[in-house]
Number of protein chains: 2
Amino acid sequence: MPSVPQRYLHGPGPSPVPESVLAALALPCIGHMDPQFMRIMNEIREMLQQVFQTENEMTLPCSGTGSAGAEMLMDNLVEPGDICLIGINGVFGQRLTEKARRAGGTVHNLTAPWGQVFDQDEVVAAIDELKPNIVMLVHAETSTGALQPFDRLGDAVHRHGGLLLMDCVTSLGGLRVKIDQWGVDGAYSGTQKCLSCPPGLAPVTLSERAMHKLNHRKTTVNSWYLDLRLVGNYWTGIRAYHHTAPVNMNYALHEALRIILDEGLENRFARHQQAHESLKSELTNRGYTYASDPQNSLPMLNLVNVPTEIEDEAAIRRRLLEEHHLEIGSGLGDLAGKCWRIGLMGHGAREECVQRIVTALDAVVPQ
Amino acid sequence: MPSVPQRYLHGPGPSPVPESVLAALALPCIGHMDPQFMRIMNEIREMLQQVFQTENEMTLPCSGTGSAGAEMLMDNLVEPGDICLIGINGVFGQRLTEKARRAGGTVHNLTAPWGQVFDQDEVVAAIDELKPNIVMLVHAETSTGALQPFDRLGDAVHRHGGLLLMDCVTSLGGLRVKIDQWGVDGAYSGTQKCLSCPPGLAPVTLSERAMHKLNHRKTTVNSWYLDLRLVGNYWTGIRAYHHTAPVNMNYALHEALRIILDEGLENRFARHQQAHESLKSELTNRGYTYASDPQNSLPMLNLVNVPTEIEDEAAIRRRLLEEHHLEIGSGLGDLAGKCWRIGLMGHGAREECVQRIVTALDAVVPQ
């Protein structure tokens, strides 16, 4: 058995996993074509629809981590030569750009400073000018803690016949994600953020409009593993064998979704907000400052400036991990060395966790 | 918690999972950049090298099921226009052909009847004629139970500058797979067969020759998620973040590999052979016949003809599952309705399992 330490997970994910989710992981493995597994698959899809706030038939967990979910959207919905408008205001917009290019898309970028979000009016103006086939923004930029408003984009995208896609890896289960109401045609997430399940699956949902495009593609999808017409046959259609589903990971996701729906989405969102406000109050009282735009900050990912008197921030994180078993995240990309990313995700968005974080910081950061 | 029945898994995979592997799955989740997880990653890679019988540096578990491993090889090692020689003698050769095409390869197929294997001399002659960039055969055809000899192909492939690739999904951990000795340049497997770990990861190994080709590609790899120059940086190189590894699945693989190496590879192969011979003897004594070539049959996957007096073979499998909690596999593709696939894989290759299978068959199949 591998030797595994106990950690308090307050980086950018994975997040703390409830005991019952770990217990579900260890339930006996059964066959991926077993009628009882088909029932579990149906239950997962129904719960995912509730969490995504969608009626999309094509809602399922992709058999890979969040990045596989991103690639599933890009590979299925971008045809070679498609005009793609993709926002870059952090690491993940850059990655989506790269994935769209590999799928054959011609990418135009909107850019904003890291940590800032896009004004929806400006995005709409860009859409009206470019008339893109694909518009994609990151709802919750895990690299910067920025929260992108998404409620006024769908009509603009659709009036030019395009599809609106969303990265909601860090927001799903911790913040409102209203797929149908916002007119989002494709979205993907990961299990290891606010769903509080170990990493390994990527919830994905596609609208009827997106499925229409997929079903009328002129070219073959680059990926066979992620080809939604094949994967969809197994998850939602005739149950044709495609690949062997990660059975036990699906048990864990099932239990994680049950916990979320038992708590209630709105209660869960409020709990994330409360934990964030508590942490922010504790940190600002101690003189820490936030690096993210206060009008558009994620509650579940706190972007905190490394105090200027700290020369070696990595040493601080190492001491937090070794002496207090506490993981917080480093800055990514442009923010490396300058910021910390403190996660309060899912099961980790609790006052007990906030107190653990500030106690550990107090012990390790020189005053 | 999802309601999960207990099953005896004797289909084509997943296979029975030892209790300690399930317990490893449920160990606390830690971060994918945690130094302790890096240690576990190193331990997994070292154990995988032993099981693959290779010194390949680029040996790691791909973060998806077996089919993702196949796609990882194809996407990284096939460049557009590459001449690919791929054997088809069952479902998986067909799938590899499809994946090679999506990666841009020009595919030439060798074909053999389902259940038969390729004569190595004939493969070598085809290689000398075609001088392919890629040669790929399935070592253990899960759809037919055929075992492809692989020991005399490497030189022929290499003298024309090509790469020899292998699907060893069903053989790894149950049969000799000698990557270095046979000159195999790329191979992939799945965790849910003779490794007796739940599905979710695909062990992959690439030779220096394969890495040289990858490092000198003229075109970008189709997939970002499976791009081995990026994945490799995380697993074997500078530890740069790529995607969030499926942490708990890697714990399970770690424990499954430990069990294999504790038993010893040769002991494990002998155990698979013994279980196979016992099952074959029990079944032939009862009048069942094997559909696979006796000279080239897999011990871990027994291709048995459905007795002619059975009109509805699916009903028999359903009764085995419902009344005896026993899963056996249907025939795939050309063999659907005609054959059963009875797996004796990993933890399931034991006399106790053989007796359970024949007892259940005796109870359900009319004599």
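In this predicted model, helix α3 of chain A, residues 66-77, packs against helix α4 of chain A, residues 91-102, at an angle of about 45°. The axes of the two helices lie 9 Å apart. Because angles that are neither roughly parallel, roughly antiparallel nor roughly perpendicular count as oblique, α3(A) is oblique to α4(A). The crossing in which α3(A) passes α4(A) is right-handed.

The residues that meet in this packing are listed by helix below.

| Helix | Residue range | Residues in the contact |
|---|---|---|
| α3(A) | residues 66-77 | Ser67(A), Ala70(A), Glu71(A), Met74(A) |
| α4(A) | residues 91-102 | Arg95(A), Leu96(A), Lys99(A), Ala100(A) |

By character, the residues of the contact of α3(A) with α4(A) comprise 4 nonpolar, 1 polar and 3 charged.

As for the wider chain, an unreviewed UniProt entry carries the annotation "domain: Aminotransferase class V", which covers residues 8-331 of chain A. Over residues 8-331, chain A is 42% helix and 16% strand. The C-alpha atoms at the ends of this stretch of chain A are 19 Å apart.

The relation between the two chains remains to be described. A turn of 180°, with a shift of 0.0 Å along the axis, lays chain A on chain B with an RMSD of 0.0 Å. The two copies are therefore related as by a two-fold rotation axis. Both copies use the same surface, in that 100% of the contact residues of chain A recur in chain B.

Notes:
Residues numbered from 1 in each chain as written. Chains lettered and ligands numbered in written order. Predicted model: local features only at pLDDT ≥ 70, side-chain atom pairs only at ≥ 80, totals over all residues. Heavy atoms only, no water. Least-squares fit on C-alpha atoms with pLDDT ≥ 70 in both. Contact = heavy atoms within 4.5 Å. Axes fitted to C-alpha atoms, helices over the stretch in contact; angles between N-to-C directions. Helix = DSSP H or I, 4+ residues; strand = E, 2+ residues; numbered from the N terminus. Parallel < 35°, antiparallel > 145°, perpendicular 65-115°, else oblique. Left-handed = near helix turned anticlockwise from the far one by under 90°. Nonpolar A, V, L, I, M, F, W, Y, C, P; charged D, E, K, R; others polar. UniProt positions renumbered as here; feature names shortened; annotations may be inferred.
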